[in-house]
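This briefing is intended for readers who wish to examine the model alongside its sequence. Please keep both in view while reading.

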Amino acid sequence: MDLHAVSLSDLAHAANLVGERWEGLCHKKLFITGGTGFVGKWLLETLVYANRVMSLHCEATVLTRDPQQFKHSCPHLAQAPGLTLLQGDVRNFSFPDSRFDMVVHGATDIAVSAAPLDVLDTCVGGTRHVLDFAAHSGATDFLLLSSGAIYGQQPTDLAALPESWPGAPNPLAPGAAYGTGKRTAECLAVQAGLVHDMRIKIARCFAFVGPHLPMDKHFAIGNFIRDAMMGQDITIQGDGTPLRSYLYAADLAAWLWTILLRGQNGVAYNVGGDEVVSIAELAHAVNAALRTEVSIVCKAPPSTHRAPERYLPDLSKAWTELGLQPCISLQDAIQRTAQWARTDVAA
């Protein structure tokens with residue numbers, strides 16, 4: 001359970017990457033959904049740091065279904081100056097009687113155990129409700145945290161997915177709720193922006209690693225780090241051949257703030273890493289980065305009859321338009337995450 005802040009060096013790294021763009025938050029009021037999840041906590045960590053170091057005087061209201069749980073797990077954030085917790089669900093929360101300059105919408109339950117209809121309702125109904133609130137509150141800028149899942153299955157002969165890729169999830173597939181919901185949410189956001197004269201920015205998020213990442217959920221890299229730290233076998237649920245890339249959380253936070261503050265209206269940007277590894281290679285990378293010698297066990301033998309499944313972003317738009325690129329290597333990211341997890345356990 002999270003009980004402490006991330007390292008000051010990580011916060012300084014993220015703040016330096018955003019640089020003078022932070023001025024866009026001076027004396028602004030933000031409304032943030034999904035602020036108590038992995039990505040949301042990093043947005044709050046970096047905002048609190050920037051507020052303190054740069055005297056931004058930025059205020060943020062954070063929507064959460066369980067304020068008490070968040071106060072218990074992250075007291076340093078819940079009690080931070082300038083942050084206010086608001087209890088509610090994105091699908092039906094009562095609109096606070098206040099004006100906001102910017103809205104960051106990141107709330108979506110992507111847990112494997114979540115009911116598909118709830119996931120779809122949160123993506124679509126929740127986004128519609130938050131957009132209605134943004135218009136009601138007079139917000140001028142809206143950042144939607146979307147997902148690379150909107151592209152559907154990546155062709156095996158396509159090295160990385162550009163934002164222009166026309167693919168989509170198969171709506172008839174059993175696991176299509178999340179990708180289809182996020183795709184619809186993007187459409188809703190852009191249309192609402194046209195109607196209400198809001199600047200809509202979209203971040204299509206891929207895979208990440210860093211402090212606050214759950215070590216006991218469906219995130220392979222979190223599970224691998226946990227197993228290695230505990231001296232247990234690293235277990236790969238499949239055959240280990242799927243290809244992924246991971247962006248460190250401090251880089252992630254800087255990218256998201258930059259997209260909100262400098263992204264083009266009505267444009268989506270891929271957000272992810274650029275070091276391509278298979279899931280099996282990732283397990284070995286964790287072993288090497290943490291200098292452990294635990295065994296690596298694959299639940300299924302690698303297939304020799306098909307190309308590896310890919311989930312890899314093309315990052316050229318983020319670089320050419322916003323000057324964004326991954327800064328922290330995968331090895332360093334694994335080590336930083338493990339160091340934070342050890343401190344968390346000790347606390």
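The points below cover helices, helix packing, aromatic contacts, backbone angles and selected residue pairs.

The model is predicted. It holds eleven aromatic pairs, and five phenylalanines, F31, F93, F95, F100 and F133, form one aromatic cluster. Helices α1 and α8 are roughly parallel to each other, as are α5 and α6.

**Individual helices**

- Helix α2 covers residues 38-54, and its 17 residues should span 24 Å at 1.5 Å a residue. The C-alpha atoms at its ends are 24 Å apart, which agrees with that expectation.
- Of the 17 residues of α2, 14 are buried, so this helix is largely enclosed by the rest of the structure.
- Helix α9, residues 279-290, consists of twelve residues. From its first C-alpha to its last it reaches 17 Å, close to the 16 Å expected at 1.5 Å a residue.
- The buried residues of α9 include I279, L282, A283 and V286. N287, A289 and L290, towards the end of the residue range, are buried as well.
- In α1, the buried positions are D10, L11, H13, A14, A15 and V18.

**Helix packing**

- Helix α1 (residues 8-18) and helix α8 (residues 249-262) have axes that come within 8 Å and cross at roughly 30°. Angles under 35 degrees count as roughly parallel, and α1 and α8 are therefore described in that way.
- The passage of α1 across α8 is a right-handed crossing.
- Helix α5 (residues 116-137) packs with helix α6 (residues 177-196) at an angle of about 15°, and their axes are 9 Å apart. The two helices are therefore roughly parallel to each other.
- The crossing of α5 and α6 is right-handed.

**Aromatic rings and lysines**

- A pair of aromatic rings is described by the distance of the centres and the angle of the planes.
- For F93 and F95, the ring centres are 5.7 Å apart and the planes stand at 50°, so the pair is tilted.
- The partners in this pair can also be described by their accessibility: F93 is buried, with a relative accessible area of 3%, whereas F95 is partly exposed, with a relative accessible area of 31%.
- F93 and F95 both belong to the cluster that also contains F31, F100 and F133.
- One member of that cluster, F100, has K29 over its face, at 5.1 Å from the ring centre.
- Elsewhere, K317 lies over the face of Y269, at 6.0 Å from the ring centre.

**Positive phi angles**

- S55 comes just after α2 and is found in the loop between α2 and β2 (59-64). Its phi is near 55°, a positive value in a residue other than glycine.
- With a relative accessible area of 45%, S55 is partly exposed.
- H212 is another residue other than glycine with a positive phi, in this case near 80°. H212 is found in the loop between β7 (207-209) and α7 (220-229).
- The relative accessible area of H212 is 4%, and the residue is buried.
- Just after α1, G19 takes a positive phi of about 60°.
- Just after α9, R291 takes a positive phi of about 55°.

**Residue pairs compared in sequence and space**

- V190 has its place in helix α6. At 25% relative accessibility, V190 counts as partly exposed.
- V190 and N265 are 75 residues apart in sequence, and their C-alpha atoms are 8.8 Å apart in space.
- T337 lies in helix α11 (residues 330-346). T337 is buried, with a relative accessible area of 0%.
- T337 and L188 are 149 residues apart along the chain, and their C-alpha atoms are separated by 35 Å.

Technical notes:
Residues numbered from 1 in each chain as written. Predicted model: local features only at pLDDT ≥ 70, side-chain atom pairs only at ≥ 80, totals over all residues. Heavy atoms only, no water. Helix = DSSP H or I, 4+ residues; strand = E, 2+ residues; numbered from the N terminus. Expected span 1.5 Å × (residues − 1). Buried < 20%, exposed > 50% of the residue type's maximum accessible area, 1.4 Å probe, protein only. Phe/Tyr/Trp six-rings, centres within 6.5 Å; stacked < 30°, edge-to-face > 60°. Lys NZ or Arg CZ within 6 Å of the ring centre and 35° of its normal. Axes fitted to C-alpha atoms, helices over the stretch in contact; angles between N-to-C directions. Parallel < 35°, antiparallel > 145°, perpendicular 65-115°, else oblique. Left-handed = near helix turned anticlockwise from the far one by under 90°.
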